[in-house]
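This briefing is meant to be read alongside the sequence and the 3D view. It moves from the overall fold to individual side chains.

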Amino acid sequence: MRAWRGWPAAALALAMLLASPSAARAQEMLLKQEPWRSGPALGWTFAGLSVAALAVTVNGYSESRTALSQADKAYEQYSAATTTADALYYRSRTEHYHNRAKAYESTANAAGWLAVAFALTSYYSFYPERAPAWPVVATVDGVVFVHRF
């Protein structure tokens with residue numbers, strides 16, 4: 001007889017259900033809760049995240065350039081190889097370094113886009129009155145859809 005393997009997940013879900021407050025208690029807790037962050041605090045948080053994302057971008061870019069130079073060196077050795085074993089080895093090294101360069105570059109690109117998003121969020125946290133009027137606005141209370149006539 002096989003044991004059911006999903007029992008840890010079911011036990012965890014049951015424990016979370018029993019530990020969660022009732023809907024009325026949750027509503028009461030939400031009414032008593034005060035905003036945990038102000039605009040400038042969020043602005044500084046996102047400014048720090050933007051700087052960190054820029055650091056990841058710069059590091060990924062430099063690692064990509066290093067991997068590309070290693071791939072060029074391996075390709076030169078592949079081109080000059082005299083035996084089949086050497087040619088296969090240097091070809092695999094070239095592919096390895098080229099794949100590493102692509103991975104570092106994609107990481108740098110993603111971190112760059114995150115840095116831009118974090119910087120914009122930081123800016124609009126400091127100056128919320130300058131934010132453009134978007135049709136969908138995310139607030140602390142939820143997502144608000146705005147339709148103007």
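The points below cover the overall make-up, the aromatic pairs, a charge over a ring, and one buried serine.

The model is predicted. The protein has four helices and two strands, and their order along the sequence is α-α-α-α-β-β. Of its 149 residues, 13% are buried.

**Overall make-up**

- The helices come before the strands in the sequence, as the pattern α-α-α-α-β-β shows.
- The protein exposes about 12,000 Å², and 64% of that area is supplied by carbon and sulfur atoms.
- Taking contacts between residues at least 6 apart in sequence, 59% join residues at least 24 apart.

**Aromatic pairs: W44 and F126**

- The protein holds six aromatic pairs.
- One of them is formed by W44 and F126, which meet edge-to-face with 5.2 Å centre to centre and 80° between the planes.
- W44 belongs to helix α3 (residues 39-79) and F126 to helix α4 (residues 84-126), so this pair ties together parts that lie 82 residues apart in sequence.
- W44 is exposed, at a relative accessible area of 61%, whereas F126 is partly exposed at 30% relative accessibility.

**Aromatic pairs: Y75 and Y78**

- Y75 and Y78 make a tilted pair, with 5.9 Å centre to centre and 45° between the planes.
- The angle of 45° counts as tilted because it is neither under 30 degrees, the limit for stacked, nor over 60, the limit for edge-to-face.
- Both residues of this pair, Y75 and Y78, sit in helix α3, three residues apart, which is about one turn of the helix.
- Y75 is partly exposed at 47% relative accessibility, and Y78 is also partly exposed, at 27%.

**Aromatic cluster and a charge over a ring**

- Y123, Y124 and Y127 form one aromatic cluster.
- R93 is placed over the face of Y97, 5.1 Å from the ring centre.

**A buried serine in helix α3**

- S50 is part of helix α3, the helix that also contains W44 and the pair Y75 and Y78.
- S50 has a relative accessible area of 8% and therefore counts as buried, the cut-off being under 20%.
- With neighbours within four places in sequence left aside, S50 is in contact with A115, F118 and A119.
- A115, F118 and A119 fall within the range of helix α4 (residues 84-126), the helix that holds F126.

Methods: Residues numbered from 1 in each chain as written. Predicted model: local features only at pLDDT ≥ 70, side-chain atom pairs only at ≥ 80, totals over all residues. Heavy atoms only, no water. Phe/Tyr/Trp six-rings, centres within 6.5 Å; stacked < 30°, edge-to-face > 60°. Buried < 20%, exposed > 50% of the residue type's maximum accessible area, 1.4 Å probe, protein only. Lys NZ or Arg CZ within 6 Å of the ring centre and 35° of its normal. Contact = heavy atoms within 4.5 Å. Areas by Shrake-Rupley, 256 points an atom, 1.4 Å probe, with all protein chains shown as cover.
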